[in-house]
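User: I have a structure open and would like to work through it with a few questions. Please keep the answers plain.

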Amino acid sequence: MARDERELLTALHVSYIQNLGKSTDDLAYHLTAHLRLNAIYWGVTALFIMGHPEALDKDEVIRFIESCWDEEAGGFAPHPGHDAHISTTLSAIQILVTYDALDRIDVPRVAKFIISLQHPSGVFAGDSWGETDTRFSYIAVNALSLLGCLDQLDKDKTVDYIKQCRNFDGGFGRCIGAESHSAQVFVCVAALAILDRLDEVDADTLGWWLAERQLPNGGLNGRPEKLEDVCYSFWVLSAMSILNKVAWIDSEKLTSFILSSQDTEKGGISDRPGNVVDVFHTHFGVAGLSILGYPGLVDLDPVYCMPATIIEAKGLKKGWKNLERRQFK
Amino acid sequence: MHGVKRVRLTPEALAAKKLREQSKIKEYLALSDEVLSKKASKDWSREAFDLTTRILQVNPEFSAAWNYRRNILIRGIFPGSSATEINDLLTEELTMTTVALKSHPKVYWIWNHRRWCLENIPDGPGTEGEGVNGWRQTNWEREMFVVDKMLDADSRNFMAWDYRRYCLASMPVARPETAELTYTTRKIEANFSNFSAWHQRSKILSSLWASGKLEHSKSKEEEFKLVRNAMYTDPNDQSVWMYHRWLIGAGEDKELLEREIAIIQDLLDEQPDSKWCMESLVHYKRLLLQKHSSLLDAGSVTNDCRRLLSELRVIDPARRRRYDEIEKQL
């Protein structure tokens, strides 16, 4: 039976996430093995934000993370037998911090792996093959901060590269010269927030650009004249929260847009209404709703994209501002 | 999953689909296990290379298979190959990934693999005509052709644009920037909404102006003409207004600001509910107030802004809190 799509169908989403690991009779499950560890981070975080931290077997998750360790590189691969990458290494760290199990990894070794990926220009590479992207700069900053190793980072060099990716519209791109894109805006602004260098952001111009991401149907796009997508709810809102500008868009319309992208029969959230759901959009939809103050959800820290109380307990909280949590009517 | 429609299958149809997939899963997992076990045993043979071809044709997102493939080339195949053979192998890699890109235009790993190939093209052929960069130039030229095709298929593909800038910056024989300016003109004229092309244009022009290859003030006037044409064609298109804002910049030139304000006001008179006209007028009038307040009737300009902001709150209520904040700052 179809349920009311005006509310978040938490129970359905919890069971959707719980069942993901059991979809081994689905070809898509195997074709996405290269995203497995990221997918677990998305699932775990969405569950914590929905108030169901016990929904997955913590020990099983931790054992899986340990099986992804790439001894040669000193980082985590997305899947056993694959290769270490900075992105999956952050996912491993985020899950372990969320489960309060960071003692399961060799912190100095992982920090060394991350630091080794910084290029002379200040940007970070994803792995030893050398693809560079401001995403990887954020990942390095976030991971080193969670590991308590930020003092090992050349901060000026890191900031200097990000600064050069800023465009006239206030946004940031993947690399020097690249077009502003809201996912890159999130990573650059959040990295600067962690490094206490938000002075490098032109908050009014960027706030304007971010507010103009909202389309008449309430959804947010990632760049001018593009279509809306649930995942931008997080990329755009996180940056707005860090700049204290969430009120610059219509939160009710965005909330309705995210809710209308739920699969009301089987759970999960898709990129836009009527499409196939996945754990990526489920996570970013729930994360967006938390920033919008949706009732019953746990606070999300938009800088680290993790439960806020966990970041606060580590003394890492920055000055972001989500909308106040509303009460159920 | 991006852009895939949700379809409700009956339990019978679902069971049939699962059954059909079972043999595919078995085949895929066997292939994947074989690749990963050869990778673990550091097998750099031609046979292992061919296995990576097979699995990447099924799943071009399998990042570890791309890494393994490059390792096989570097450790197993290149050492026993002549420069000509290496060039042929890399050219073959580029052809293979062109096919993969057509069906997977936004897979980072495929673009990365191409970069690696291009960066490893050996010196050659060494003939008098072509010198040591002949192979390189041939491959890079073809690469620009591929990027053109990718941007014809999706003119906003940001990976293709980033890759285009990378190619332009790294080609052995650089293309003149004026050629790239012409390219952006073509893209913009095909579709004014293509902000990616406007963005690229802003970068190219900045460089041409800084180097003095284009005369700044004359060229800027031509840009105003282009953008005005686009503004009148579709006043609701953000791309155009953002580009206009870049042309105006910090608003140091009072005369220019006033001229553009008058032009936008004319357009607003024709299109009285144009949000972007009003929004831009507020921005440029605020620049007037910030930079040139002693030279104008600040009270009347401030009142204009207030009036426009109250209209904006009505026609664009989603962003009314932003308009409130701007009004407070007046």
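User: How many residues does each chain give to the contact between chain B and chain A?

Analyst: This is a predicted model, and these totals use all residues. Two residues are in contact if their C-beta atoms lie within 7 Å. On that basis the contact takes 43 residues from chain B and 38 residues from chain A.

User: Which element gives the largest share of the side of chain B that touches chain A?

Analyst: Elements that give two or more residues to this side include helix H1 (11-40), helix H3 (63-77) and helix H15 (320-329) of chain B. By class, the side of chain B divides into 17 nonpolar, 12 polar and 14 charged residues. The largest share, eight residues, comes from H1(B).

User: H9 and H11 of chain B also give residues to that side. Are H9(B) and H11(B) roughly parallel or roughly antiparallel?

Analyst: The axes of helix H9 (residues 195-211) and helix H11 (residues 238-248) of chain B come within 9 Å and cross at roughly 15°. Angles under 35 degrees count as roughly parallel. Therefore H9(B) and H11(B) are roughly parallel.

User: Which residues of H11(B) does H9(B) meet?

Analyst: The crossing of these two helices, H9(B) and H11(B), is right-handed. By class, their contact has five nonpolar, two polar and no charged residues. From H9(B) come B:Phe195, B:Trp198 and B:Ser202, and in H11(B) they meet B:Ser239, B:Met242, B:Tyr243 and B:Trp246.

User: How is H10(B) oriented to H11(B), roughly parallel or roughly antiparallel?

Analyst: Helix H10 (residues 216-233) of chain B packs with H11(B) at an angle of about 155°, and their axes are 10 Å apart. H10(B) passes H11(B) in a left-handed crossing. Angles over 145 degrees count as roughly antiparallel. So H10(B) and H11(B) are roughly antiparallel.

User: How many charged residues are in the contact of H10(B) with H11(B)?

Analyst: On the H10(B) side, the contact is made by residues including B:Lys220, B:Glu223 and B:Phe224. On the H11(B) side are B:Val240, B:Tyr243, B:His244 and B:Leu247. By class there are seven nonpolar residues and one polar residue, and the number of charged residues is two.

User: Which helix gives the most to the largest nonpolar core?

Analyst: The largest nonpolar core has 108 residues. Those with the most contacts inside the core are A:Ala140, A:Cys188, A:Val189, A:Ala190 and A:Ala191. With 11 residues, the helix that gives the most to this core is H9 (residues 182-194) of chain A.

User: Which residues is A:Val189 in contact with, leaving aside its neighbours within four places in sequence?

Analyst: A:Val189 is among the residues with the most contacts inside the largest core. Leaving aside neighbours within four places in sequence, its contacts are A:Val201, A:Ala239 and A:Ile242.

User: Is A:Cys305 buried or exposed?

Analyst: A:Cys305 lies in the loop between strand E3 (300-301) and strand E4 (306-307) of chain A. Its phi is positive, about 50°, although A:Cys305 is not a glycine. A residue is buried if 20 or more other C-beta atoms lie within 10 Å of its own. A:Cys305 has 22 such neighbours, so it counts as buried.

User: Where is the cis peptide bond that joins B:Gly124 to a proline, and which proline is it?

Analyst: The proline is in the loop between H5 and helix H6 (134-153) of chain B. Omega of the bond is about 0°. The residue joined to B:Gly124 by this cis peptide bond is B:Pro125.

Notes
Residues are numbered from 1 along each chain as its sequence is written. Chains are lettered from A and ligands numbered from 1 in the order in which they are written. This is a predicted model: local features need pLDDT of at least 70, side-chain atom pairs count only at pLDDT 80 or more; totals for chains, interfaces and linings use all residues. A nonpolar core is a set of buried Ala, Val, Leu, Ile, Met, Phe, Trp, Tyr and Cys residues joined through C-beta atoms within 7 Å. A residue is buried if 20 or more other C-beta atoms lie within 10 Å of its own, exposed if 12 or fewer, and partly exposed in between; C-beta atoms are placed from the backbone. Helices (H or I, at least four residues) and strands (E, at least two) are DSSP runs, numbered from the N terminus. Axes are lines fitted to C-alpha atoms, for helices over the stretch in contact, and angles run from 0 to 180 degrees between N-to-C directions. Angles under 35 degrees count as roughly parallel, over 145 as roughly antiparallel, 65 to 115 as roughly perpendicular and the rest as oblique. A crossing is left-handed if the near helix is turned anticlockwise from the far one by less than a right angle, and right-handed if clockwise. Ala, Val, Leu, Ile, Met, Phe, Trp, Tyr, Cys and Pro count as nonpolar, Asp, Glu, Lys and Arg as charged, and the others, Gly among them, as polar.
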